[in-house]
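Trainee: Could you take me through one part of this model closely, and set it in the context of what lies around it?

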Amino acid sequence: MAVETMRAIVQDDYGSAPEEVLRLAEVARPTIGDDEILVHVRAASVDRGTWHIMAGLPYPIRVAGFGLRRPKSLNPGRCLAGTVESVGKKVTEFKPGDEVYGTCEGSFAEYASARAGRLALKPANLSFEQAAAVPISALTALQGVRDQAQVQAGQRVLIIGASGGVGTFAVQIAKAFGAEVTGVSSTAKVDLVRALGADHVVDYTRDDFADGEHRYDAILDTGGNRRLSHLRRALTPRGRLVLVGGETDGRWLGGMDRVLRAKLLSPLVSQKLGTFIGSENAKDLAALRELVEAGKVAPAVDRTYPLSEAPAAIRYLQDGHARGKLVITV
Ligand SMILES: NC(=O)c1ccc[n+]([C@@H]2O[C@H](COP(=O)([O-])OP(=O)(O)OC[C@H]3O[C@@H](n4cnc5c(N)ncnc54)[C@H](OP(=O)(O)O)[C@@H]3O)[C@@H](O)[C@H]2O)c1
């Protein structure tokens with residue numbers, strides 16, 4: 001029987017320049033196991049993790065399962081939205097034709113195999129392009145705001161990197177939880193952060209969020225380049241600091257040194273200093289669908305690119321230009 005093929009972005013080796021390591025190719029469609037779902041991908045999205053998985057940096061992620069010498073998955077995309085093409089024998093949650101969104105390995109392709117536990121029905125009020133922008137960034141924002149920072153109504157919350165993938169969702173989710181939200185961004189993106197509903201915006205090129213009277217009950221840091229002492233100065237005595245991530249040039253540690261120091265210090269001080277790895281799960285995708293359908297959260301999609309231009313999308317993000325999310329249409 002002839003093998004069915006599809007167009008997909010593939011890579012053979014790790015490398016930090018997307019236009020050098022990624023190429024569009026005709027490859028075999030994925031096959032699915034009994035507990036898997038074949039999704040006809042309509043859109044995918046790019047985030048910082050896309051670059052890290054493509055580059056294999058910082059090095060510890062290779063040991064964490066992405067492939068020691070070469071990438072295990074030949075396609076770095078992870079977020080998708082599309083329609084269910086077929087389901088394995090043991091899948092009861094979905095049927096062919098369902099419109100879904102979630103995560104998988106290899107979403108920069110016409111078809112992808114995914115697990116039921118990492119998919120949910122797509123928010124009805126979003127296009128496939130908008131829905132594809134949600135999964136990893138919004139799951140991280142939801143878990144950061146709700147579980148790590150434990151944001152309550154009336155609290156003051158600071159989001160560093162408020163104009164980014166995770167940050168644009170975190171601002172809206174913290175607002176939906178009833179917090180008074182301050183976003184931190186560069187000058188060119190202040191208008192975006194305000195439009196997302198932030199009560200205050202600090203332009204970090206002009207002002208320091210730790211100056212002045214304001215102290216925050218919770219800080220989510222996705223910018224990654226402030227010292228712990230600086231962040232703690234802006235926090236209330238019992239406040240919670242959540243280190244989500246940041247792009248340092250460290251090929252070995254990639255910001256892990258700050259995380260380790262926070263973990264060591266946290267038990268010794270009254271503030272709670274921590275970090276977490278986001279969980280890709282269907283329950284939280286469903287929780288996000290409710291927030292989106294209630295009109296409380298909407299993805300901020302900056303640009304869309306055709307599949308063949310996925311490397312340009314990763315480059316645009318890498319160069320710090322993105323305002324919110326970048327989407328690949330398939
Ligand atoms: N823990 C987890 O499970 C998890 C999950 C997802 C992502 N992450 C990590 O979280 C980080 C953010 O991811 P993302 O996808 O949101 O990236 P992103 O879309 O590139 O957003 C990063 C934001 O950081 C801001 N930033 C850059 N330099 C800054 C500075 N000096 N001061 C303050 N803000 C600055 C940028 O804002 P301006 O352009 O306005 O400067 C940008 O909007 C990445 O390091 C990523 O690897 C962690």
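**A helix and its surroundings**

Mentor: In this predicted model, the chain is divided into domain 1 (5-134 + 299-329) and domain 2 (137-275). The C-alpha centres of domain 1 and domain 2 lie 27 Å apart, and 10 residues of domain 1 are in contact with 15 residues of domain 2. On the side of domain 1 that touches domain 2, five residues are nonpolar, one is polar and four are charged.

The part to look at closely is helix H5 (135-148). With 14 residues at 1.5 Å each, H5 should span 20 Å, and its end C-alpha atoms are 18 Å apart, which agrees. Because 12 of those 14 residues are buried, H5 is largely enclosed by the rest of the structure; the buried residues include Pro135, Ile136 and Ser137, as well as Gly144, Val145 and Gln148. After H5 comes Gln150, whose phi is positive, near 50°.

H5 also belongs to the surroundings of the ligand, since helix H2 (48-55), helix H5 (135-148), helix H6 (165-176) and strand E9 (180-185) each supply at least two residues of the shell around the ligand. Both domains take part, with at least three residues of the shell drawn from each of domain 1 and domain 2. There are 32 residues around the ligand, of which Gly161, Gly164, Gly165, Gly223 and Gly245 come nearest, and by class the shell has 10 nonpolar, 18 polar and four charged residues.

Key
Residues numbered from 1 in each chain as written. Predicted model: local features only at pLDDT ≥ 70, side-chain atom pairs only at ≥ 80, totals over all residues. Near = placed C-beta within 6 Å. Helix = DSSP H or I, 4+ residues; strand = E, 2+ residues; numbered from the N terminus. Nonpolar A, V, L, I, M, F, W, Y, C, P; charged D, E, K, R; others polar. Domains from an automatic or database assignment. Expected span 1.5 Å × (residues − 1). Buried ≥ 20, exposed ≤ 12 C-beta atoms within 10 Å, placed from the backbone. Contact = placed C-beta atoms within 7 Å.
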